Each structure stands twice: as C-alpha cells, then as structure tokens.
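Me: I'd like to go through the labels on this model and ask what earns each one. Can you walk me through the reasoning?

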Amino acid sequence: MGRGYIVEDAVEGYLSKLCEQKAGPVTGLLIGQSSPQRDFVVMATRTPQREESTALTGNSLDKEWVTEHARQVSRMLPGGLYVLGVFIITDTDSKDALTSLRQLLFAVENLISSDRLWNPADDDVTDCVTLHVNPKTRKTVCRTFDVTDPKSMAKPADWKYQSGVCSSWIMLSCCLNVDILVPLPDDRTSTENMDKCLKEGLKVWAQQIESGVCLIDGKKLPEDTELTAGQKRNVRQTYTTQLLITPDEQRLTDVVQQCGGSVSVRGAIYSRTYLHSNKPKVKLAEKLLKRDVVSTVATRVQMVLEELLTSEEESKGSSRDKQQTEQFCFPRRIFCPVKVSGQVSVCDYQFSDEGLSEVTDRLKEMLDIDAAEQDLDTRQEITAEITECSVAAEPTVETVEVPEPKRNNYIGVAMATAVALLATAASMLYLNDI
C-alpha cells in the first residue's frame, strides 16, 4: 500500500471547475503538509497562462513556466505548507500523462530545493505526488515518486477527499530579531558570484537558527512531547514561540577578513507556522518554525536583489560615487486566509511603493485566490519609514545611519556593501561602496 493523501474537499471542487473549462490540458500545484503516516493537501492552484505564448503546445508541457510558478508559490507559503506535487487535467492516456508529470515533478523539486538554505532532516518525507484527472470521466490517477532518487519508479497512492482537513491545525508564531553580516569578496564581477556569497553567508546564519533553542509558550519542551496532549480535539490551538541564539554564535563580525563590502540584514521578522493535528511532536514544530524563519529572510533578500538588479539594468550609465551608502526598504509580510475551514493562511510580500491591490492581484495570479483588501492580515509587520540624516564619511556596519534612498545608484554586480534592515514593521537595505 502506498502513501495516503487526505485532501480538503474544496480541492475536489476546484479541480472540477478546471475540468469544466475545456481549455485543453491544465497543469498546477498541490499544496499541503507531509507527515510520516500520511500527507494533507489543503489547496491546489493552476499554472497561470503565459501571455506571450500558450503554456501548452499540443501535449508538450512548458516545464520552465511551470517550475518558475512553483518557485514563486513556494515563497508565498508560510511554515508547514509546501508544494507537495503537481497535477494535470487532460484526456491524454494515463501512461503518457504520468511521464509528463514525472518530468514536471522532478523539475519543480530541483528548482525549489535549490533556493532552500536549511539542511534536509533524516525524517523528512521525500515522496512527492502526481495527480492525473481526466476531464471527461473525472477519473483520477494518483502516484508518488521519491524525488531524492532520479531513478524512482511510480508508486500507487490513496487519494481521499475529506472536509475540514485543517480545521484544527495548530498555529505557532514567532518574532525574531535578526542581525546578519555577510562579507563580499573584492572580486564581484558577476551576479553569480554575488548570489553565491550571499547564499553562503545566509547558510551560516541558518545553521545558527537550526541550533537555536525554541521555547513554546515560554517553556522548553522535550522533542517527543505531543503538542496536542491533554487538549480538546478539534479545537484550534495557537502557540507563541521564542528562538534563543547564544551570544557567541549570534554575530558574524568577530572574524577579521579582507573584503570589498558587506551585506547586513537587521531588525525583526514575524514567522508563522502551521502544524497538522495528527499527534504532532514538538520536534516537528520546532523544525518547521525554524525553516520558516530562514525562508522568509532569504526570500526577502532575494526579492530586493532581484528588484535592484532590474533597477541597475534600467539605469546603466548613471554616475555614482565610489564611496556611498544607500538604503532600501525590504517588503513586509502580509497574510491571507485560505478559503477553507481553519486558520491556515498563505502570505505575500509588499514593497513600500505597492498598494494592497497589487498584493490581491498576485494572490489571484499565483494562487488563484480571490481576496479582498479587507481579507488581508497586515497587522504583523508594518512598512519602515525612511528618515533623513547625515552619513559619516567612512560609515561602519555598526553605524545605522539612514540617507535618502537612491535606487538608481545600485550597480548590481559592482555592489560593494548592502545593509538590509528588517524590522517588526520594517525592512531596509543599505548599499556602501568601499
């Protein structure tokens, strides 16, 4: 017997609507949470249509488009929610569909995993799911593959719809002060080198988070403790958590080395994690929470760099001083409830120059969620205000002095220093040339 999938019945309704569109083959993602015993699927979302060309040409799948959609969606998932697999709605023969789905599944997993900064655990579930739905007969074929094994063969799986799958899921929340300093080498001749340095620096910090002590409602609980022990069944539970990092491991500035600049992320971030109610252990709760902390910081760093690289391309030829400090706002995290029973939400990141309508537009495009602005939870983080003050001639990383922002002065691969200030409310990026 293969793995079992307990699926929110809203997913059945969503797939049925896609079947009725009769718009040819439709691909999409399955989102939920894995556990050793079974997996839980709480939502599905179709791949957006590609504007410049159709996403599907005949029976050929646009693998690059599907995988990029998966990467964007994975950024919008809080702790505990992951892309569990892919689906396709087509009347193509099941064997042909399975071949296409297998290729998509491995491509999606490879791209998403390449962005992860946390290390896989021995008890992680490595089976991912594919679902083929025939739009005419509504017959479904569910198979799983071990994505860590390139030679993995399809295994049968049980796909069962159920109402209220996440109605009693547990929510853990955490606010964490962040202070990360990543030195950059003198040789910054390519974007690839820059990204590599940032990723390596963030990985060091991620390891510190992984080894941190997690307090749940102020208590350090044994790893094998069941969070729901002694609690009423089918009752929503919320826990406040704290992550404690030992002082000697908290700073990366203790090492003296020659560098051409640095990237510093400072402030505080809000993390949220959801946990299934099937006898969840403290060990799992801590693991998922820490992964969300790492992921939300890494996502915002990447988003700002992507925007600044775009800005640099648009402002080529503009002059800039050799010594310069710049500040940029990081996007704040906003949550939106999933339209199913329970307290589960997805998230998005809003830049300071964006309105809430742009957030709802992205939720519709990426997750096919029809959300109104009043549905959004904007209370957890607020946008930083940029204040004007003088900058020292030779600013150090320890000095957080804020000039007027100069987005057009970012020069991408020639950047020497970037200082990002995250706040419970705020996110900033400093750029310094040395």
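Me: What makes Arg71 and Glu306 a salt bridge?

Reply: Keep in mind that this is a predicted model. The closest N and O atoms of Arg71 and Glu306 are 3.8 Å apart, and the cut-off is within 4 Å, so the pair counts as a salt bridge. Arg71 sits in helix H2 (residues 63–75) and Glu306 in helix H6 (residues 282–314), with their positions 235 residues apart in the chain.

Me: How do you know which of Arg71 and Glu306 is buried and which is partly exposed?

Reply: Arg71 has a relative accessible area of 12%, and buried means under 20%, so Arg71 is buried. Glu306 comes out at 28%, which lies between 20% and 50%, so it is called partly exposed.

Me: Which residues make up the salt-bridge network that includes Arg71?

Reply: Glu68, Arg71, Arg75, Asp115 and Glu306 are linked in it. For the whole model, the count by this rule is 23 salt bridges.

Me: What makes Lys136 and Asp91 a salt bridge?

Reply: Their closest N and O atoms are 3.4 Å apart, and that is within 4 Å, so the label applies. Lys136 lies in the loop between strand S7 (127–133) and strand S8 (140–146), while Asp91 lies in the loop between strand S6 (82–89) and helix H3 (94–115), so the pair ties together parts 45 residues apart in sequence.

Me: Why is Lys136 called exposed, and why is Asp91 called partly exposed?

Reply: The relative accessible area of Lys136 is 67%, and exposed means over 50%, so Lys136 gets that label. Asp91 has 45%, which falls between the two cut-offs of 20% and 50%, so it is partly exposed.

Me: And Asp292 with Arg333: what makes that a salt bridge, and why are both residues called buried?

Reply: The closest N and O atoms are 2.9 Å apart, which is within 4 Å, so it qualifies. Asp292 has a relative accessible area of 3% and Arg333 has 1%; buried means under 20%, so both are buried. Asp292 is in helix H6 and Arg333 in strand S16 (residues 332–337), 41 residues apart.

Me: Now the strands. Why is S6 described as largely enclosed?

Reply: Because 7 of its 8 residues are buried, S6 is largely enclosed by the rest of the structure.

Me: How do you know that S6 pairs with S2 and S7?

Reply: Pairing takes at least two bridges. Strand S2 (residues 26–34) and S6 are joined by 7 bridges, and S6 and S7 by 5, so both count as pairs. S2 and S6 run antiparallel, with Leu30 opposite Gly85 in S6. S6 and S7 run parallel, and Phe87 stands opposite Leu131 in S7. The chain goes from S6 through H3 to S7 in a β-α-β crossover that is right-handed.

Me: Last one: why is Cys336 called buried, and which residues does it contact?

Reply: Cys336, in strand S16, has a relative accessible area of 1%, which is under 20%, so it is buried. Setting aside neighbours within four places in sequence, Cys336 is in contact with Ser345, Val346, Leu363, Ile369, Ala371 and Leu376. The C-alpha atoms of Cys336 and Cys347 are separated by 5.9 Å, and the two residues are 11 apart along the chain.

Conventions. Residues numbered from 1 in each chain as written. Predicted model: local features only at pLDDT ≥ 70, side-chain atom pairs only at ≥ 80, totals over all residues. Heavy atoms only, no water. Salt bridge = Lys/Arg side-chain N within 4 Å of Asp/Glu carboxyl O. Helix = DSSP H or I, 4+ residues; strand = E, 2+ residues; numbered from the N terminus. Buried < 20%, exposed > 50% of the residue type's maximum accessible area, 1.4 Å probe, protein only. Right-handed = clockwise from strand over helix to strand, strands pointing away. Contact = heavy atoms within 4.5 Å.
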